Amino acid sequence: MAQTRSSSKLVWDIAAYAVLIVLGFLCVFPLVWTFLTSIKVEEDIVTREMVYFPTRFTFDWYVRLWNQSGYPVLVMNSLITTSVTVLICLATGSIAAYSFSRFNFAGRTQLMLGYLVVRMFPAVLMIIPLFIVMRNFGLLDSSWGLAVAYTSFLLPLFVWMLKGFFDAAPKELESAARIDGSTRIGAMFRIVVPIARNGLVATCVFVAIAAWNEYLFALMLTTSQGSRTWPVGLQLMVGEFQLPWGMLAAGGIISIIPVIVLFALVQRVMVAGITAGAVKG
Amino acid sequence: MSRVAAASPPPRSVWDSLNPVRLLGELSETRYWMYLLLLPSALLITAVVLYPTVYGFQMSFHEMRLNRPALGTGFVGLKHYARMVSDPIFWTSLVNTAAWVTSSIILEFLVGLIAALALNRNLPGTKVLAVLILIPYFLPNVVAGHMWALMLDPRLGVINDVLVRIGWLESYKAWFADPTTAMGAAIVVEVWHSFPFFTLLIMAGLKGIPADLYKAADIDGAGAFSQLRLITLPMLKTIIAAAVILRVIGLVNSPDLLLILTSGGPGRSTQVLSLYAFQTAYKDFNFGYAGALSVVMFVLLMGFAYIYIRLSKVNQD
């Protein structure tokens, strides 16, 4: 009996390894293939015989992307929009998360639910009025306007995720500081924020990745090179040239490097935060 | 500093009564502090979410064509909604949305569950695999779309090459140009992109199931599949319900991936509601009709969420 149980455990362990290796391969292969494409020479990309292991390498696609397609401007615009989005979320969202985490007050549950429900509103339904409003305020086609638009779906997410991290920070230290005469705001900035520092960073990274990746709002709300973000610019190249796969691959790789680096750095804390928020929600 | 102030309050100088740090400190001791903390974010959400949504509802009852200002922006009642009933593209989009959402959700859930169960065995060396498996979820739609478009390309797609080599295909196939395969191919990309979301949430849920339950089941001689059916899935019910709701919202609301992969084509074979609404606004500049389409989408989504939550609660009792 014990024999069969341990042998069935072994079978399942092997099955688990097999599943994970296959899935891991499927998840990474598109990335590897795109990277390979981005360093292949044109004749090895457009070819009758598929080249799996290229012997000639080139950085030409990256050079051409950087020098000819205005990619540096697109990346810069994305950086500005992303930073502004994170700053707005930090300034308004962190104090909201703190309030939800530390105080009990009339309307708290309803308000928290409200912050969750706004995620259900269709982006398309908001995008059109936002387009009109932003045009009236002269915010259309500006990195700032786009960042404000991004807060529509990122701020509620930010508040919920950060609230989870604040909840996990012990309340005793804060009480001690209060007894020592610190004001509420003093305790918040000197005690709670430093304790929840990792969570704060992870939440910011999560929002930054989402803002960096965003496509639909950017497509609708930017109209010129002045504020266009890289996803829109990259997609436009599809029409501009005859499917320049090498360049598209190079653009894709450049643009996801920051995402992968950031993800790798804060992956563990961020995963904990996403799941904590969702479990409670 | 504040300790000294509490012990012997010094007389207030003019500077003190203007010192912003001190003012904020005092403000934080008032009864309304928690509301003040919420005020900035609540105002912002009102401005960028609630106001536009109300505006959008209202817009759906008005004529609003940016490219034909001569038509004005008068009230047209239910005109847009009436047009929808006799609009074949709307009905096609509705059917496609149902197919797109249900197939994607079922596959994402199954793959996500299998990955989570495998990762939850905590076998040596699988930590790295966990990171690799989560990566697709954090990649931009645009890049995910291009990667797969390249791999499925009718002339130089590596997937075509592999399938021909192992004999599953006679010759290279134009997956996104054939109305019978376009939706399927798009679903594959979507599942690749989003199944890690289920893995993430289910893994968190699995950690909360007490190990004793499985030990007891072992002693009773329950096999792996009955344990999954009788312990794991019931214990995960809430989290699965939450994950499904969140993914359905995402799938219904965001046309990004289909916009990048197919733009709704070929024909209307991958046209979904969100995409139709977006294109009506972005290409035709018919904001009134686009607004009506999004309102219908929103109402359907709310209806679904309501029924789904009711059903999953009924099941729990």
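**Exercise 1. Two packed helices**

At what angle do helix α7 (residues 126-138) of chain B and helix α10 (residues 182-207) of chain B pack, and how far apart are their axes? Classify the arrangement, and then identify the residues that make the contact.

*Solution.* In this predicted model, the two helices pack at an angle of about 120°, and 7 Å lies between their axes. Angles of 65 to 115 degrees count as roughly perpendicular and those over 145 as roughly antiparallel, with the rest oblique between these ranges; α7(B) and α10(B) are therefore oblique to each other. As for handedness, the crossing in which α7(B) passes α10(B) is left-handed. The residues that α7(B) brings to the contact are B:Ile133, B:Leu134, B:Pro136 and B:Tyr137, while α10(B) brings B:Trp192, B:His193, B:Ser194, B:Pro196, B:Phe197, B:Thr199 and B:Leu200. Sorted by class, this contact consists of 8 nonpolar and 3 polar residues, with no charged ones.

**Exercise 2. Burial along a helix**

Determine how many residues of helix α8 (residues 141-151) of chain B are buried.

*Solution.* The criterion for a buried residue is that 20 or more other C-beta atoms lie within 10 Å of its own. By this criterion 11 of the 11 residues of α8(B) are buried, and the helix is mostly covered. Among the buried residues are B:Asn141, B:His146 and B:Trp148, as well as B:Gly145 and B:Met151.

**Exercise 3. Domains within each chain**

State the domain bounds in each chain, the separation of the domain centres, and the contact between the domains.

*Solution.* Begin with chain A, where the assignment gives domain 1 as 2-38 and domain 2 as 68-280. Taken over C-alpha atoms, the centres of these two domains of chain A are separated by 33 Å, and 4 residues of domain 1 are in contact with 6 residues of domain 2. The side of domain 1 of chain A that touches domain 2 divides into 1 nonpolar and 3 polar residues, with no charged ones.

Turn next to chain B, which is divided into domain 1 (2-60) and domain 2 (86-316). Here the centres, again over C-alpha atoms, are separated by 41 Å, and 4 residues of domain 1 of chain B are in contact with 6 residues of domain 2 of chain B. On the domain 1 side of this contact in chain B there are 2 nonpolar and 2 polar residues, and no charged ones.

**Exercise 4. The contact between the chains**

Which helix supplies the largest share of the side of chain B that touches chain A?

*Solution.* The contact as a whole takes 79 residues from chain A and 74 residues from chain B. On the chain B side, the largest share, 15 residues, comes from helix α4 (residues 33-59) of chain B. By class, that side of chain B comprises 55 nonpolar, 14 polar and 5 charged residues.

Terms used:
Residues are numbered from 1 along each chain as its sequence is written. Chains are lettered from A and ligands numbered from 1 in the order in which they are written. This is a predicted model: local features need pLDDT of at least 70, side-chain atom pairs count only at pLDDT 80 or more; totals for chains, interfaces and linings use all residues. Two residues are in contact if their C-beta atoms, placed from the backbone, lie within 7 Å. Helices (H or I, at least four residues) and strands (E, at least two) are DSSP runs, numbered from the N terminus. Ala, Val, Leu, Ile, Met, Phe, Trp, Tyr, Cys and Pro count as nonpolar, Asp, Glu, Lys and Arg as charged, and the others, Gly among them, as polar. Domain bounds come from an automatic or database domain assignment. Axes are lines fitted to C-alpha atoms, for helices over the stretch in contact, and angles run from 0 to 180 degrees between N-to-C directions. Angles under 35 degrees count as roughly parallel, over 145 as roughly antiparallel, 65 to 115 as roughly perpendicular and the rest as oblique. A crossing is left-handed if the near helix is turned anticlockwise from the far one by less than a right angle, and right-handed if clockwise. A residue is buried if 20 or more other C-beta atoms lie within 10 Å of its own, exposed if 12 or fewer, and partly exposed in between; C-beta atoms are placed from the backbone.
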